[in-house]
Structure formats: C-alpha cells, structure tokens
Amino acid sequence: MRYARSVLSTVALAALTVGGTAALAAPASAAPNTTPQKVCGSGYKTVNSAPVGSLGTVYLTYNSTNGKNCVATIRNTPGTAQDMSAWIYVNGTDEYDEDYGRYTSYAGPTYVYGKGYCVDWGGQIKNVYVQVTGSNCGSLKESRVTFTR
C-alpha cells in the first residue's frame, strides 16, 4: 500500500505540472457524442465512473475477454484544447498507464491488465482532478477524492 500511495502522489504531482510539460501534446479529436466504448474499443463495458466537477466524466471500463481495464476522461462539451488526463494503476501488479496532455474532447485510453485485482484510477479536466482508489474490489469500499487546483 505504501507503494500505491507513492504512485498516487507521483500521479498528482504530474497532473499538477501537466500544463508546463505537455503543452505540445497533440490534441485528441472526437465526435461530440464520444463514449467510453468508442475511446476504449469494442468489448469494453463501463464498470465505474466519476464526475470531473461539471466539466465531464472519467470512466473505468473492463473487457472480460482480455481481462483489461481502460480509463478515459471525456469532456461534456468538446472545444478548445484543455489540460486533461486519464490514468490507471493496478494494486498487486504495479501495472500503470497514463495519458496527460491538452485535448479537445477526451484523454486516454489508458490500459492495464486487471482481472482479479483492485484498481486505482482517475482523471483531470482543466484544474479539476478526480482520484478513485481501491475500486472494483468486490465488497471493499472504494475511496473517491475530487479537488481543484
């Protein structure tokens, strides 16, 4: 658990610095009706989600055929490129994937193999960050944090 917290701290720090380090990232393009399934691909079903303030939603999806999770952060209203992120970390395997940049519609997809494991995941739009820890672990209670910087 100590390592997971360290990774989450690193993720939060990276998210805070995304404006200065990823300003040259290519914007993602998407139709205004983008869905997590369109971003992650066929076979992925939404298993969890969290609002990113009033700006959009970060989605956790799962593909039971290949055992992979996917995270995508999708804006409610596409437009001018904004700082955005999507990330996922698997407790017990230390698998991690992230996408940070300036995007017009969505951040992600990020993929990890997560069958049978708890996952930590989250995303960001502009200055609103969401972090969900201990998610999709059966009877265990997840923790959600939303903050603005």
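Tyr44 is buried, with a relative accessible area of 7%. In this predicted model, Tyr44 makes a good starting point, as Tyr44 forms a tilted aromatic pair with Tyr111 and also belongs to a core of seven residues. From there we can look at the disulfide, the salt bridge, the cores and an open sheet of five strands.

**The aromatic pair**

- A search of the whole structure turns up one aromatic pair.
- Its members are Tyr44 and Tyr111, whose ring centres are 5.7 Å apart and whose planes make an angle of 55°.
- An angle over 60 degrees would count as edge-to-face and one under 30 degrees as stacked, so the 55° of Tyr44 and Tyr111 makes the pair tilted.
- Tyr44 sits in the loop between α2 and β1, while Tyr111 is in strand β6, so the pair links parts of the chain that are 67 residues apart.
- Burial separates the two partners: Tyr44 is buried at 7%, whereas Tyr111 is partly exposed at 30% relative accessibility.

**The disulfide**

- The count of disulfides comes to one.
- This link joins Cys40 to Cys70, with an S to S distance of 2.0 Å.
- The torsion about the S-S bond is -80°, and the link of Cys40 and Cys70 is left-handed.
- Cys40 belongs to helix α2 (residues 36–40) and Cys70 to strand β3 (residues 68–75), so the link ties together parts that lie 30 residues apart in sequence.
- Both cysteines, Cys40 and Cys70, are buried.

**The salt bridge**

- How many salt bridges does the structure hold? There is one, and it brings together the side chains of Arg102 and Asp83, at 3.1 Å from N to O.
- Arg102 comes from strand β5 (residues 96–103) and Asp83 from strand β4 (residues 82–90), so this contact ties together parts 19 residues apart in sequence.
- Arg102 is partly exposed, with a relative accessible area of 28%.
- Asp83, at 16% relative accessibility, counts as buried; the cut-off for buried is under 20%.

**The nonpolar cores**

- The largest nonpolar core has 18 residues, and Val58, Val71, Ile88 and Trp121 are the ones with the most contacts inside it.
- Strands β1 (45–52), β2 (56–63), β4, β6 (106–113), β7 (119–125) and β8 (128–135) each supply at least two residues of this core.
- Strand β4 gives the most to this core, contributing four residues.
- A second, separate core has seven residues, among them Val39, Cys40, Tyr44 and Tyr106.
- Two residues of that second core are already familiar: Cys40 from the disulfide and Tyr44 from the aromatic pair.

**The open sheet**

- Five strands form an open sheet in the order β5-β4-β7-β8-β9, with antiparallel pairing.
- Which strands are at the edges? They are β5 and β9 (143–148), each of which pairs on one side only.
- On average, neighbouring strands of this sheet are turned by 5° against each other, direction ignored.
- Strands β4 and β7 run antiparallel and are joined by seven bridges.
- Val90 has Val119 of β7 as its bridge partner.
- The salt bridge of Arg102 and Asp83 connects β5 with β4, two strands that follow one another in the order of this sheet.

Conventions: Residues numbered from 1 in each chain as written. Predicted model: local features only at pLDDT ≥ 70, side-chain atom pairs only at ≥ 80, totals over all residues. Heavy atoms only, no water. Disulfide = S-S within 2.5 Å. Buried < 20%, exposed > 50% of the residue type's maximum accessible area, 1.4 Å probe, protein only. Salt bridge = Lys/Arg side-chain N within 4 Å of Asp/Glu carboxyl O. Core = buried A, V, L, I, M, F, W, Y, C linked by side-chain atoms within 4.5 Å. Phe/Tyr/Trp six-rings, centres within 6.5 Å; stacked < 30°, edge-to-face > 60°. Pairing = 2+ DSSP bridges. Axes fitted to C-alpha atoms, helices over the stretch in contact; angles between N-to-C directions.
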